[in-house]
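The exercises below ask you to read strands, helices and a ligand site from a model, one step at a time. Try each task on the structure before you turn to its solution.

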Amino acid sequence: MKVDDEAVAGLIRRAGRIAVLTGAGISTAAGIPDFRGPRGLYVTRQYDPEKTFDIDYFDRDPSYFFAFARDFVQLVEQVQPTLTHRFLAMLEERGKLDAVITQNIDGLHQKAGSKRVIEVHGSVRNGHCRKCRRAYAYEELKAKVLSQEIARCDSCSGIVKPDIVFFGEAVQGMAEASRVAGQTDLFFVIGSSLTVHPAASLPEYAGGQVVVVNQGLVESASPEWLRIDEPADPFFARIAAKLGM
Ligand code: OAD
């Protein structure tokens with residue numbers, strides 16, 4: 001169903017509780033490639049996502065992942081949150097937004113000032129040794145990723161893996177995320193093709209209206225959902241103006 005700006009601004013004004021599910025499309029304007037968009041990793045194969053984020057492949061040949069991780073850590077240090085990341089942080093500050101649920105591992109929601117961020121696919125802020133489970137905080141992890149071909153544990157020389165959820169691993173925080181979604185009366189999906197489950201099922205838990213802001217195809221969208229097919233930043237810039245933000 002198509003919808004105009006005023007209708008969306010009105011939904012936000014009237015909503016008591018809002019939550020959002022974000023995907024890689026919210027960060028493309030910051031300079032981080034997505035997966036399935038026209039310049040996404042599945043298209044360019046700059047890093048093949050099926051090898052990079054597959055736990056069995058990682059255990060066979062971790063060097064492929066660490067080549068990606070070296071580039072990614074440096075990129076993430078440089079990039080700044082987008083207008084949409086900042087808009088969401090402001091909505092939370094105003095008491096309108098309960099939580100951001102994100103599939104992204106780039107930490108840009110926190111950088112924008114969001115406080116309650118449920119990272120269902122983990123993040124690069126922490127890591128663990130695959131062998132002895134020793135925990136590594138970001139600075140130590142970053143130093144290892146940048147200086148070693150394969151990040152190794154100081155205690156046992158096992159491989160240290162950032163706490164990103166790979167294919168073949170359990171997602172994180174789904175119980176909390178589905179509870180949050182169920183308590184809302186307005187739920188946004190922003191910049192996600194809704195391809196990867198179980199995160200992609202979260203809008204189905206939403207208590208109220210679902211609004212999908214995604215440029216490009218979305219898998220299995222319900223006809224009841226409102227659909228905005230354009231880049232997120234100009235859209236939310238107009239909505240923020242209507243809300244006087
Ligand atoms: P996708 O790349 O599948 O979807 C991103 C969507 O955002 C695409 O439909 C793009 O066209 C759209 N898009 C790009 N730029 C946009 C913009 N500026 N404004 C609005 N839309 C834009 O990314 P995700 O749905 O996040 O998982 O992918 C889900 C998961 O697949 C990822 O978390 C990752 C991946 O495999 C794991 O690695 C476990």
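**Exercise 1.** How many bridges join strand β4 to β6, and do these strands run parallel or antiparallel?

*Solution.* Keep in mind throughout that this is a predicted model. Begin with β4, which covers residues 122-129, and follow it alongside β6: 4 bridges join the two, and they run antiparallel. One residue pair makes this concrete, since His128 has Lys161 as its bridge partner in β6.

**Exercise 2.** Place these strands in their sheet, and find the helix that packs on it.

*Solution.* The sheet is open and is formed by 3 strands in the order β5-β4-β6, with antiparallel pairing. The edges are taken by β5 (135-137) and β6 (160-164), and because each has a single partner strand, one side of each is left without a neighbour in the sheet. On average, neighbouring strands of this sheet are turned by 35° against each other, when direction is ignored. The helix to look for is α8, residues 138-147, which packs on the sheet by touching β4, β5 and β6, and whose direction makes about 90° with that of β5.

**Exercise 3.** In what order do the strands of the parallel sheet lie, and which of them stand at the edges?

*Solution.* Here 6 strands form an open sheet with parallel pairing, and their order is β3-β2-β1-β7-β8-β9. The edge positions belong to β3 (117-119) and β9 (226-228); each has a single partner strand, so one side of each has no neighbour in the sheet. From one strand to the next, the twist averages 15°.

Next, turn to the pair β1 (residues 18-22) and β7 (residues 186-190), which run parallel and are joined by 5 bridges. Within this pair, Thr22 finds its bridge partner in Ile190 of β7. Finally, helix α6, made of residues 83-93, lies across β1, β2 (97-102) and β7, and runs at about 145° to β2.

**Exercise 4.** Describe the surroundings of the ligand, from its shell of residues to single contacts.

*Solution.* The ligand is surrounded by 23 residues, of which Phe35, Arg36, Ser192, Ser193 and Gln215 are the closest. Sorted by class, this shell holds 9 nonpolar, 11 polar and 3 charged residues. For single contacts, look at ligand oxygen atoms: one is 2.7 Å from a polar backbone atom of Phe35, whereas the side chain of His121 has an N or O atom 2.7 Å from a ligand oxygen. In the side chain of Ser193, an N or O atom is 2.6 Å from an oxygen atom of the ligand. Taken alone, the ligand exposes 800 Å², and the protein buries 93% of that.

Definitions and conventions: Residues are numbered from 1 along each chain as its sequence is written. This is a predicted model: local features need pLDDT of at least 70, side-chain atom pairs count only at pLDDT 80 or more; totals for chains, interfaces and linings use all residues. Side-chain values use heavy atoms; hydrogens and water are left out. Two strands pair if DSSP finds at least two bridges between them. Axes are lines fitted to C-alpha atoms, for helices over the stretch in contact, and angles run from 0 to 180 degrees between N-to-C directions. Contact means heavy atoms within 4.5 Å. A residue is near a molecule or strand if one of its heavy atoms lies within 4 Å of it. A polar contact is a pair of N or O atoms within 3.5 Å; within protein, one must be able to donate a hydrogen and the other to accept it, and residues adjacent in sequence count only if both atoms are side-chain atoms. Accessible areas come from the Shrake-Rupley method with a 1.4 Å probe; for residues, only the protein chains shown count as cover. Ala, Val, Leu, Ile, Met, Phe, Trp, Tyr, Cys and Pro count as nonpolar, Asp, Glu, Lys and Arg as charged, and the others, Gly among them, as polar.
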